[in-house]
Amino acid sequence: MNRFLTALCAATGIASPALAASPLDSTFASAPPAPLWALQVPSGSGPVAQFTNDRLEISFPDSSSGSVFGAGLVSSCQLSGDFDVAAEYVLLDWPGANGVRTGLYVGGAVERTSFSTWTWNDFPGEPREVYLTNFSDGVQGIVETADLAGKLRLVRAGTALTGLYQTATGWAPIHTGPVVTDDLAIYLSAWSHDNVFIRQPVRMAFTSFQVLSGRVVCGGAVLVPVDVKPGSVANPIKVTSNGTTPVAILTSDALDASTIDPTTVTVAGALAAQAALEDVNGDGLLDLVVHVETGAMSLPPGTTYVEVDGAIVGGGRFVGWDRVTLLP
Ligand SMILES: [Ca+2]
Ligand SMILES: [Ca+2]
């Protein structure tokens with residue numbers, strides 16, 4: 001929570017409000033926003049990642065091959081500074097000791113891994129079904145598990161990265177190791193190798209990703225949640241309209257919207273005509289609502305997202321995206 005929110009809660013004596021979620025958060029019930037996440041180019045041959053059955057499924061046909069082969073999702077933006085992120089997984093077709101690794105990777109991986117019995121050299125002497133971390137200090141903290149679903153979590157504090165997994169009663173740390181302080185992309189992936197893969201069909205899925213805390217930057221700008229047409233989910237925009245379109249920039253852990261310079265806000269390339277502070281999502285925190293001339297926005301046919309950006313008073317920029325549905 002940022003300083004102004006902490007101060008607000010302390011001053012009012014109320015519990016912390018439910019903050020607007022990070023735009024990176026997703027349950028993968030449908031493809032997450034295209035400006036924020038992209039499917040990785042699969043490595044090797046065989047594995048496929050797709051949004052299906054209300055989740056991100058990654059399948060390995062028995063013929064999968066490569067020195068490394070895998071698939072998954074990568075963020076287009078980066079975590080900056082300290083962060084705390086978690087991903088939920090489920091193992092769907094998971095023969096024992098199959099050689100596939102399921103991982104959340106941000107500068108280092110926390111994994112739900114299946115060591116193989118296909119070869120003698122896949123961590124011999126260790127249990128086969130495990131959690132572990134694989135940071136710059138190598139594979140560490142191997143712990144046996146029978147979990148076929150669970151949560152993986154990575155926490156960066158300064159130059160220390162900690163991997164954790166969820167237990168029935170909370171979170172169990174696996175290992176803390178070194179990490180760079182650079183801005184880092186997020187990967188949700190599953191992968192294996194020719195020398196360990198069981199050569200049977202294997203399938204798993206990610207069912208959520210969440211930024212528990214941390215700042216996300218996109219091209220140097222702070223990522224913020226934005227809401228085109230507050231109150232509407234479909235966000236229809238009649239491109240021939242002579243009217244204006246309201247767009248809210250929500251106050252969140254990432255940014256206090258009252259620190260935005262309203263004269264600099266653009267929506268789909270058009271400068272906002274007017275702006276006011278108003279709480280549009282009922283969390284008790286003022287959001288910045290701008291109105292932009294609909295006809296001034298750049299909305300070529302096929303547009304599915306609009307970009308909202310601008311300057312922060314005192315320095316820096318913000319950016320956010322929301323889905324829109326164009327109407328003739
Ligand atoms: Ca909306
Ligand atoms: Ca609000």
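Begin with the whole chain in view and colour its two domains separately: the centres of domain 1 and domain 2, taken over C-alpha atoms, are separated by 33 Å. This is a predicted model, and the domain assignment places domain 1 at residues 16-214 and domain 2 at residues 221-327. If you now select the residues through which the domains touch, you should have twelve from domain 1 and 13 from domain 2. On the side of domain 1 that touches domain 2, eleven of the residues are nonpolar and one is polar, while none is charged.

Next, select the largest nonpolar core, which has 80 residues, and label L104, V226, I249 and V290, the residues with the most contacts inside this core. Strand β15 (residues 202-218) supplies the largest share of the core, with eight residues. Because domain 1 (16-214) and domain 2 (221-327) both contribute residues, this core lies between them. Stay for a moment on V290 and show its surroundings: leaving aside residues up to four places away in sequence, V290 touches V247, P262, V265, V267, A272, Q274 and A275.

From there, turn to the open sheet of four strands, whose order is β17-β19-β23-β22 and whose pairing is antiparallel. Strands β17 (226-228) and β22 (274-278) form the edges, and each has a single partner strand, so one side of each is left without a neighbour in the sheet. From one strand to the next, the twist averages 20°. Within this sheet, select β19 (residues 244-249) together with β23 (residues 287-293), which pair in the antiparallel sense over six bridges. To pick out one of the bridge pairs, label P246 and its partner in β23, H291.

The next stop is strand β24 (residues 305-311), where D309 has its place. Is D309 buried or exposed? D309 counts as buried, because it has 20 C-beta neighbours inside 10 Å and the cut-off for a buried residue is 20 or more. Apart from residues up to four places away in sequence, its contacts are A221, T266, R317, F318 and V319. One of these, T266, stands opposite D309 in β24, and strand β20 (residues 266-267) is joined to β24 by two bridges, the two strands running antiparallel. For a longer view, measure from D309 to F209, 100 residues apart along the chain, and the C-alpha atoms should be separated by 24 Å.

Now add strand β25 (residues 317-323), which is joined to β24 by seven bridges and runs antiparallel to β24. Among the pairs to label here, V308 has G320 in β25 as its bridge partner. Follow the chain around the hairpin of β24 and β25, where five residues lie between the strands, and stop at G314, which takes a positive phi near 95°.

Finish at A38, which lies in strand β1 (residues 37-39). A38 is partly exposed, with 13 other C-beta atoms within 10 Å. Not counting residues up to four places away in sequence, A38 touches V74 and S76. As a last step, draw a distance from A38 to E126, 88 residues apart along the chain, whose C-alpha atoms are separated by 35 Å.

Conventions. Residues numbered from 1 in each chain as written. Chains lettered and ligands numbered in written order. Predicted model: local features only at pLDDT ≥ 70, side-chain atom pairs only at ≥ 80, totals over all residues. Pairing = 2+ DSSP bridges. Axes fitted to C-alpha atoms, helices over the stretch in contact; angles between N-to-C directions. Core = buried A, V, L, I, M, F, W, Y, C linked by C-beta atoms within 7 Å. Buried ≥ 20, exposed ≤ 12 C-beta atoms within 10 Å, placed from the backbone. Domains from an automatic or database assignment. Contact = placed C-beta atoms within 7 Å. Nonpolar A, V, L, I, M, F, W, Y, C, P; charged D, E, K, R; others polar.
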